[in-house]
Amino acid sequence: MIDIQSVTKRYGGKAVVDSVSFAVPEGTIAVLVGTSGSGKTTLLRMINQLVSQDEGTILIGGEDTRNIPGHELRRRIGYAIQGHGLFPHRTVAENIATVPRLLKWDRTRINARVDELLDLFQLDPAAFADRYPHQLSGGQQQRVGVARALAAEPKILLMDEPFGALDPVLRGKAQDELLAIQKRFGTTIVVVTHDINEAFHLGDTIAVMDKGMLLQYGRPIDLLKAPATPFVEGLVGAFDRPFRLLALDTVAGLIEPGEAQGEPIEAVRTRQDALAALMWSGADALPVVSTDGKPLGRVRLQTLLRQAVRPQ
Amino acid sequence: MSLVRLAPRIILLLLVVGFLASPESFDFVFRPLVQANAPAIYNQGDLAALTLLHVRMVFIATLFATIIAVALAILVTRPFGAEFLPLARTVVNIGQTFPPVAVLALAVPAMGFGNGPTLVALFLYALLPIFENTMTALTTVPPNITDAAKGNGMTPIQIFRQIELPLSLPMIVGGIKISTVIGFGTATIGSTVAAKTLGEVIIAGLQSNNLAFILQGALLVAALAILVFDLLSMAERSLMKWKAA
Amino acid sequence: MHKGRGLEKTGVLMAALILVSTFLLPFIVVKPNRILEGQGQMLIDALPSVSSIALAAALVIVGLCLLLRLPASARLAIVTAALLAVILALGSAANAGLPPGNSYARVSPGSGFWLLLFALSLAFIDVIAKLKLSPTVRLMLLLIAIVAVGGIFASGILADISVMKEYANRADAFWAEMSRHAMLALGSMLVAFLIGLPLGVVCHRVSWLRAAALNMLNILQTIPSIALFGLLILPLGWMAAHIPGAAAIGISGIGTAPAFVALVLYSLLPVVANTVAGLENVPREANDAARGAGMTDLQRLFSIEFPLTFPSLLAAIRIVLIQNIGMATIAALIGGGGMGVFVFQGLGQSAMDLVLLGALPTVAMSFVAAIVLDALVDFSKAPGSEVRPA
């Protein structure tokens, strides 16, 4: 869906993004993670040509982005940024309607879409449509920001630290909301974050960047199993603490119906043991058995990882 | 705005209109200020006509200044004119130290006596506050808002018309307000070079030592300035309803 | 920015102005006497042929230099040299343009000269702004400029220019009015601070008074200056006649007193408003810490609040001083003296050179005040620097 091929961007002779290549499959979430100044935001902004690359090619659905006029490209791609960037002089409804208006949708279609999105984000249209951004709470502003990015039903959504301004509780909720929406619309999403926990929570794939270089790109499990560099290892090391929480609870609560191949694991073992077993075997799921060996179902890696990030 | 706050302004407006319609009815107010046989009400011309000329002159000068200043400010805040921005800031800073009387006095050699130099002086003097405010407003639109606009697929013209301009309008009106109030005062000085303004009334008072004349001119100019100030303040507030709500 | 590429866009504007003023506008105007209209002369005709061609060529080169992205120091040198050359050329053009033996004839700078001066000053300002000089260096440059301008006038190079002839005829009056003007502007500012500062402190503490006082002062500002000067004639005249000793200290209905009082009244708004704003911006923590350290209200005011309010007060000084220098010109209309005397005399006699004699120094005073105070404001912002109010 998004194919980034040897993309380089220089400012004043210094490469801030240095020959980066990776592809984001359709309908998945890719997270760009790295410290500030790692080039992750620049890379994101090159996907919708807010910044144009000096070298390399970016294909979207097979089409070179440089062959599409910038503003038309950006109308096809949702864009949500930290601090939401809502237009202060426009109401919530007008903000959400931004791209549909630019695309000259008819009024009834716009109104229907705005109401649909407000409902989706649990903002009562009657109460919120005519408010101005400064009359909303931080969490509400952020939701309107994402709703605006999704208004024209884009196939691709780019998000730059979308939840950076929220407190941890709201951030967790917003992340879950995003996952639900992604599942519902099948949108391909690229998220920039500096929060490794957010990366593991959201990402189907994670790209680790440092000083303009792409250090590693792969599934969360790949990063954990085989960190490509000490930097990646250090970064996922920060992911360690929530991991330890997994040692505090048993597999029993996470059993899902279904079957799996491989060495079964007992339900009374800790979740950390299960994770370790999964990682060593390289499987996505393992069968779970009771202490007397009766099959109870399976435990999935994805479920465990989500638990690790957001223990409940 | 509530009626209570509006009331003094309405009374002021009614007083101005009433006084201009029938100055003689206010004779009793000004009588104590003059010597026994001196006229208490300006009698060397039509007060209403002078008032209209005064307002018209300030209006024309401010209108042209607004057009030019806003256009220039837009120019220096676009990428094309960005090189002019530091120079523009410095010129504005220095230009505003130029005394209004000096502008007026220097316009006379170029334009002769009459309305011309006053109009030019008012125009020049009105340029700077409007230019400065417009420039400041356009350069202080939060970058994340213009970034979001661009990221949502707006063209530069759409960003300007739909985002930057509406967000800057209150401050632009603020600049026009400052210019207009200064203009009302400066226009009176224009009468020293024979411009037809309410300054004539004041100067006639100074020459014949008639305090009533001076006061009539002063009060009319002040009332006009206050009324226009309020009107533009209301416009400013209504343009900012998204902030105040 | 695109350093080192293409032409300097601001230079295009300045070069165009220089070319237009050099070749299309009169450099000087020769008049049969100080009142009648005169005949314009282009730069090429105004000087002896060799020097006029040399100067015109030099100006073209200066214009071309401004188009290039030269280092700022080179631009500064070129522009300064051009400014001096143009001023010297004005002096010799005046000398050459005066018909011998005719003491009535006058030579004034023409629109070409003024535009040239404007374009070169613009280039000068542009360089200075780009150099981002420290306040100390700016003040030294100002001093050098004042000495240079003083030297030019003292040397007599410009003695044949009409404005200088007007000056020569009334040199004593010029300096007397100049000092009266400065006294009006500075003195009224001082008094405004003596009244406005305590008023501002009180307004800061008593909120109902703040709205009332600021509203009053705002309305006061809308009264046109000529009128306020005039309106004060009566009460001051009454005071002079009825209050014993008032007349003895210089209070009278006409003359300097009403002008002085009017300037004080106009100055009060910026002083009070900036005092209140400055006090309001004092961080709450600073005040809390001071209270916690056991300071009394008065100690807090003097050792915490005033020092932190200082930049705001400095801004008020800038506003007030520049406003007063301009408005003091109007004092002349009610016999208050100042540079306005020449402006209004000149307007009355349609002698534009006399108008310039009054107006140009006023503008110069404003500029100097602005540059000095901007430098002081920068000093007060610079961390670790100490500035005491002048």
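# A tour through chains A, B and C

Select residues 2–236 of chain A: the C-alpha atoms at the two ends of this span sit 25 Å apart, and the span is 40% helix and 27% strand. UniProt, in an unreviewed entry, lists residues 2–236 of chain A as "domain: ABC transporter". Before you go further, keep in mind that you're looking at a predicted model.

**Stop 1: the two domains of chain A**

Now colour chain A by domain. The domain assignment gives domain 1 as 2–92 + 151–238, and domain 2 as 242–309. Measure from centre to centre over C-alpha atoms and you get 30 Å between domain 1 of chain A and domain 2 of chain A. Where they touch, seven residues come from domain 1 of chain A and six residues from domain 2 of chain A.

Which helices should you pick on the domain 1 side of chain A, the side that touches domain 2 of chain A? Go for helix H9 (196–202) and helix H10 (220–225) of chain A, since each supplies at least two residues there. H10(A) has the largest share of that side, with four residues. Sorted by class, the side of domain 1 of chain A that touches domain 2 of chain A has four nonpolar, two polar and one charged residues.

**Stop 2: chain B on its own**

Hide the other chains and show chain B as a cartoon. How many helices and strands does chain B have? You should find 11 helices and zero strands. Follow the chain along its sequence and the pattern reads α-α-α-α-α-α-α-α-α-α-α. Along the principal axes, the C-alpha atoms of chain B fill a box of roughly 75 × 50 × 25 Å.

Next, select residues 51–232 of chain B. An unreviewed UniProt entry annotates them as "domain: ABC transmembrane type-1". This span is 82% helix and 0% strand, and its end C-alpha atoms lie 19 Å apart.

**Stop 3: where chain B meets chain A**

Bring chain A back. The contact between these chains takes 16 residues from chain B and 19 residues from chain A. On the chain B side, look at helix H7 (143–151), H8 and helix H11 (241–244), each of which supplies at least two residues. Which helix of chain B gives the most to the side that touches chain A? That's H7(B), with six residues. If you colour the side of chain B that touches chain A by class, you'll see eight nonpolar, five polar and three charged residues.

**Stop 4: where chain B meets chain C**

Swap chain A for chain C. Two pairs of chains touch in this model, and the pair with the most contacts is B and C. Here 36 residues of chain B are in contact with 37 residues of chain C.

There are several helices to click through on the chain B side: helix H4 (85–95), helix H5 (100–111), helix H8 (156–189), helix H9 (199–207) and helix H10 (211–239) each give at least two residues to the side that touches chain C. H10(B) makes the largest share, nine residues. By class, the side of chain B that touches chain C splits into 27 nonpolar, eight polar and one charged.

What about chains A and C? No contact joins them, and their closest C-alpha atoms are 11 Å apart.

**Stop 5: the two domains of chain C**

Stay with chain C. Its domain assignment gives domain 1 (9–132) and domain 2 (171–381). Their C-alpha centres are 37 Å apart. Four residues of domain 1 of chain C touch four residues of domain 2 of chain C. The domain 1 side of that contact in chain C has one nonpolar, one polar and two charged residues.

**Stop 6: a pair of helices in chain C**

For the last stop, select helix H4 (residues 72–97) and helix H5 (residues 111–131) of chain C. Two packed helices are described by the angle between their axes and the distance between the axes. H4(C) and H5(C) pack at an angle of about 155°, with their axes 9 Å apart. Because of that angle, H4(C) is roughly antiparallel to H5(C). Their crossing is left-handed.

Now show side chains. On H4(C), the residues making the contact include Leu76(C), Val79(C), Leu83(C) and Val86(C). Across from them on H5(C), look for residues including Phe113(C), Leu117(C), Leu120(C) and Phe124(C). Taken by class, the contact of H4(C) with H5(C) has 15 nonpolar, no polar and two charged residues.

Conventions. Residues numbered from 1 in each chain as written. Chains lettered and ligands numbered in written order. Predicted model: local features only at pLDDT ≥ 70, side-chain atom pairs only at ≥ 80, totals over all residues. UniProt positions renumbered as here; feature names shortened; annotations may be inferred. Axes fitted to C-alpha atoms, helices over the stretch in contact; angles between N-to-C directions. Parallel < 35°, antiparallel > 145°, perpendicular 65-115°, else oblique. Left-handed = near helix turned anticlockwise from the far one by under 90°. Nonpolar A, V, L, I, M, F, W, Y, C, P; charged D, E, K, R; others polar. Domains from an automatic or database assignment.
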